Amino acid sequence: METLDADLVRQTVSGSHQAFDVLMVRYQKLIYQVAYSFYGNTEDAMDVCQDVFLQAHQKMAMLEQPSKVKAWLVRMTYNRCISLKRSAQELWSPLNDDEFVSQDNPQMEHQNKTLISRCLAVLNPKQKLAVVLKYLEGYSLKELSQTMDISEDQVKNMLYRSIRKMAASVRESEEAL
Amino acid sequence: MSTCNRWQEWLDGVGLDQKDWSLHLAACEECRAHWEFHQRLFFWQGDPMPSEADFTRMRQFVVRQIKPKARPMNYWMVAVGLAACLTGFVVGSFWQKPDKRMPESYSDLRILEQKEGLVRIGFLANEYRETTRPLNDPHIQLILAQSLLNTKSMARRLALLEETQEYMDPEIKSALLHVARYDPEMVVRSKAMDRLMKLPRDRELTQAFIEILRDDTQVHLRLKAMEYLQNQAGEEPLFDQVLRDLQSDPEPAIRVQAQQLPLETY
């Protein structure tokens, strides 16, 4: 049976590196995905993972609700990504028309993935986080609301605006070709 | 500008049945575009993940950094660990800033390869660059020193402290002294202190450790500095002056330790 997050947090605070390692294994990919959505490259995203886990270990004793360690780690990752750069606008280069491909390109599937990943660049940091958690990590609206500390209505509005922005960006780029 | 709100209603799960929604989609180009993009997002799997080996290396690195914390602590350290502490202001009195004449600043140094007295490094200087030079080349030392100061990622700064154990010239020592006192992350300051403690003692080192003892916000770093300095009690007037002040320090652990060290009269 899988050990509960709260138990792992308590064991970590009591000095168990093994428990902390289990927590890292459990959430490393989630943290990587969030960091990658901000940086767009593996090396920086892995550096952020390391930073976040080191910080988390330092501050874990101060975590008031150990069962919410997942949301805590996501927020810490988000804050770390923001603080490492002066402005979120610097995180990714602007969209480049060369990234958008015509339908008959044999590498379409791969490039469609790239297209969506690149579209994240038109979103502000909070919208980016919401889209990654919703569509890559399968968060429910309730989980998103708890993680981002906003109401479910605000989450829905944020997703709605994000999709509209991304869809418009794709449309404009495809029309420009 | 959006003119149709049916898509938002659908997203909210309000009112629309499947048939109604399909009919609307066929007629409304705007909602169709949003719907299609929404579908694409559901099939989006993100970019490829790093390998399991990469994740394992990352975790091993983290565990290596946190392991010293596992050492048994004395009762007073535990008590102090619970107490809040806030002291000190940064005084940049003798740190020499990087040479202003240098056209660029360097960061994020990585040692890529090292053999036969040569080292190949990668680093950022406006853009990513690589160079291969002799181990003792001053340029290498300068890039390393600046990387210790300029690299934004805490993990990379820690890795630099580990990877560059064998590099030690005055430039790097100055960088380490600065990192030990002013790095924003406690774990990095602690690591830099560990490296400095292995060097032969001199006036500059003593002064840096006195500053840490007096000004650092972390009690256990102050205690580490006190441990390093303790056999200079009675020999170093500046340390003795600080020791006198510490006898009324708000932190009990610092007070107790300071009271146990001998004071000399000059």
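The questions and answers below go through a predicted model, from its chain interface to single residues.

Because this is a predicted model, local features need pLDDT of at least 70 and side-chain atom pairs count only at pLDDT 80 or more, while totals for chains, interfaces and linings use all residues. Residues are numbered from 1 along each chain as its sequence is written, chains are lettered from A and ligands numbered from 1 in the order in which they are written, and side-chain values use heavy atoms, with hydrogens and water left out.

Me: How much area do chain A and chain B bury between them?
Reply: Contact here means heavy atoms within 4.5 Å, and 45 residues of chain A are in contact with 43 residues of chain B. Buried area is the accessible area (1.4 Å probe) that two parts lose on being put together, summed over both. Of the area buried between the two chains, 65% is on carbon and sulfur atoms, and the total is about 4,500 Å².

Me: Which helix of chain A gives the most to the side that touches chain B?
Reply: Helices are DSSP runs (H or I, at least four residues), numbered from the N terminus. Several helices of chain A each supply at least two residues of the side that touches chain B, including helix 2, helix 4 (69-84) and helix 8 (152-176). The one that gives the most, with 12 residues, is helix 3 of chain A.

Me: How many salt bridges does the rule find across the interface of chain A and chain B?
Reply: A salt bridge is a side-chain nitrogen of Lys or Arg within 4 Å of a carboxyl oxygen of Asp or Glu, and the whole structure holds 23 over all chains. A:Asp21 forms a salt bridge with B:Arg59, where the closest N and O atoms are 3.1 Å apart. Across the interface of chain A and chain B, the number found is 5.

Me: How far apart in sequence are A:Asp7 and A:Arg10, which lie in helix 1 of chain A?
Reply: These two residues form a salt bridge, and the closest N and O atoms of A:Asp7 and A:Arg10 are 3.2 Å apart. An α-helix has 3.6 residues a turn, so residues three or four places apart point the same way. Within helix 1 (residues 5-13) of chain A, A:Asp7 and A:Arg10 are separated by about one turn of the helix, that is, by 3 residues.

Me: Are B:Asp183 and B:Arg157 buried or exposed?
Reply: The closest N and O atoms of the salt bridge between B:Asp183 and B:Arg157 are 2.7 Å apart. This pair links distant parts of the chain, 26 residues apart, with B:Asp183 in the loop between helix 8 (170-182) and helix 9 (186-197) of chain B and B:Arg157 in helix 7 (residues 154-163) of chain B. The classes are set by relative accessible area (buried under 20%, exposed over 50%, partly exposed in between, with a 1.4 Å probe and protein chains only), and both B:Asp183 and B:Arg157 are buried.

Me: How many residues has the largest nonpolar core?
Reply: A nonpolar core is a set of buried Ala, Val, Leu, Ile, Met, Phe, Trp, Tyr and Cys residues joined through side-chain atoms within 4.5 Å. Among the residues with the most contacts inside the largest core are A:Val69 and B:Trp44, and the number of residues in this core is 116.
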